[in-house]
Amino acid sequence: MVPKKKDKNLRGKNLTREAYNDIRKMIFSNELKPGQKIPYRRMAEGLKMSLTPVVQALKHMEFMGLVRHEQNKGFFVEKVTSREIDEAYNLRSTIEPEMLAQTILNLDEQGTKRIGTALDEYIEACQKGSLKLKLVKDIQFHMTIAQLSGLNLSILILRYLFDFLYLRFGQELIFSRPSEDSAIAHTAIFDAIKSKDVETATKVLKKHIKDIHENALDGIQERLSEAEDIIF
């Protein structure tokens, strides 16, 4: 009987993970927008599962600050604020350079190839002009560098930060700057890593994060200004 109970718990966790990933994709692709109510009952029907794993996934997202729950109303995608953008990017600029330094310390030929492949895939995505693909490959480039650090807790925090930034603040806030700018920065970071030049790699990475941070703040300010000018 015990194994059956374990199997049931595992199935429940897998369904919750499936529901989480489905909701995540909907927010990422802008099917669900900031402030929008999440039709979780319809989602459960579409995924052919009960409400339980969908609600559990939404509760996890609520804990992460991606959605909010209003009593007797349901779940809503959280709206963006400049203060949270500041917080998230300041945290990223603190932990990511430290992970980069550790990655360079651990670096071997296989690790260099992994980062090089991630860079090539990012540049290819930029050339294709697909914003969604570019976002995915950008995350993969930075996460590849982070994973090679071996700093497991920092890796988890950075993965959460990427979810928070890209899902919460929308594509146009993060990547309205030209693709070439990020491609140049990524290439410079890789070149410094390959040369095991910690100082240069850290300097370029910090500037890269700072530029995207400022761009995100400009983007949200522009969006809020446009919203104020709209008259119905």
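When I say two residues touch or are in contact, I mean they have heavy atoms within 4.5 Å. Hold on to that one, please, and remember that what we're looking at is a predicted model.

Let's try it out on Leu15. Leu15 sits in helix H1, which covers residues 2–28. Setting aside residues up to four places away in sequence, Leu15 touches Met49 and Pro53. Thr52 is worth a look here too: Leu15 and Thr52 are 37 residues apart in sequence, and their C-alpha atoms are 9.2 Å apart in space. Is Leu15 buried or exposed, then? Somewhere in the middle: Leu15 is partly exposed, with a relative accessible area of 34%.

Okay, step back to the whole chain. The secondary structure comes to 10 helices and two strands. Walking from the N terminus, you go α-α-α, then β-β, and then α-α-α-α-α-α-α. There are 232 residues in the chain, and 43% of them count as buried. As for contacts with a separation of 6 or more, 73% of those are between residues 24 or more positions apart. On the outside, the chain exposes about 13400 Å², with carbon and sulfur atoms supplying 53% of that.

Now the strands. E1 is residues 67–70 and E2 is residues 74–77, and they pair in the antiparallel sense over four bridges. If you want one pair to click on, Val67 has Val77 as its bridge partner in E2. E1 and E2 make a hairpin with three residues between them, and in the turn you'll find Asn72 with a positive phi of about 65 degrees.

While we're at the hairpin, let's get into salt bridges. How many does a search of the whole structure find? It finds 10. One of them is Glu78 with Arg68, where the closest N and O atoms are 3.8 Å apart. Glu78 is in the loop between E2 and H4, while Arg68 is in strand E1, 10 residues away in sequence. Both ends are partly exposed: Glu78 has a relative accessible area of 21%, and Arg68 comes in at 24%.

Next one, Lys137 and Glu121. This salt bridge has its closest N and O atoms 3.1 Å apart. Lys137 is in helix H6 and Glu121 is in helix H5, residues 109–128, so to speak 16 residues apart along the chain. Lys137 is buried, at 17% relative accessible area, whereas Glu121 is partly exposed at 31%. And going back to the hairpin for a second, salt bridges that share partners join Arg68, Glu70, Lys73 and Glu78 into one network. Back on Lys137, its contacts beyond four places in sequence are Glu121, Tyr122 and Ala125.

Then there's Asp163 with Arg24, a salt bridge with the closest N and O atoms 2.6 Å apart. Asp163 is in helix H7 and Arg24 is in helix H1, so this pair ties together parts that are 139 residues apart in sequence. Asp163 is buried, with a relative accessible area of 9%. Arg24, on the other hand, counts as partly exposed at 29%.

Speaking of arginines, have a look at Arg92, over in helix H4, residues 82–106. Why does Arg92 count as buried? Because its relative accessible area is 1%, and the cut-off for buried is under 20%. So what does the side chain of Arg92 make a polar contact with? The side chain of His142, at 3.5 Å. Besides His142, and again not counting residues up to four places away, Arg92 touches Pro97, Leu158, Leu161, Phe162, Leu165 and Ile209.

Last stop is the surface. Leu91, Leu153, Leu156 and Ile157 make a nonpolar patch of about 370 Å². Which helix gives the largest share of that patch? Helix H7, residues 152–169, with three residues. Ile157 is in H7, and at 30% relative accessibility Ile157 counts as partly exposed.

That's the tour. If you open the model afterwards, I'd start with Arg92 and His142, then go over to Asp163 and Arg24.

Technical notes: Residues numbered from 1 in each chain as written. Predicted model: local features only at pLDDT ≥ 70, side-chain atom pairs only at ≥ 80, totals over all residues. Heavy atoms only, no water. Buried < 20%, exposed > 50% of the residue type's maximum accessible area, 1.4 Å probe, protein only. Polar contact = N/O pair within 3.5 Å; in protein donor to acceptor, adjacent residues only side chain to side chain. Patch = residues over 30% accessible without salt bridge, like charges linked within 9 Å, V, L, I, M, F, W, Y side chains within 5 Å. Areas by Shrake-Rupley, 256 points an atom, 1.4 Å probe, with all protein chains shown as cover. Salt bridge = Lys/Arg side-chain N within 4 Å of Asp/Glu carboxyl O. Pairing = 2+ DSSP bridges.
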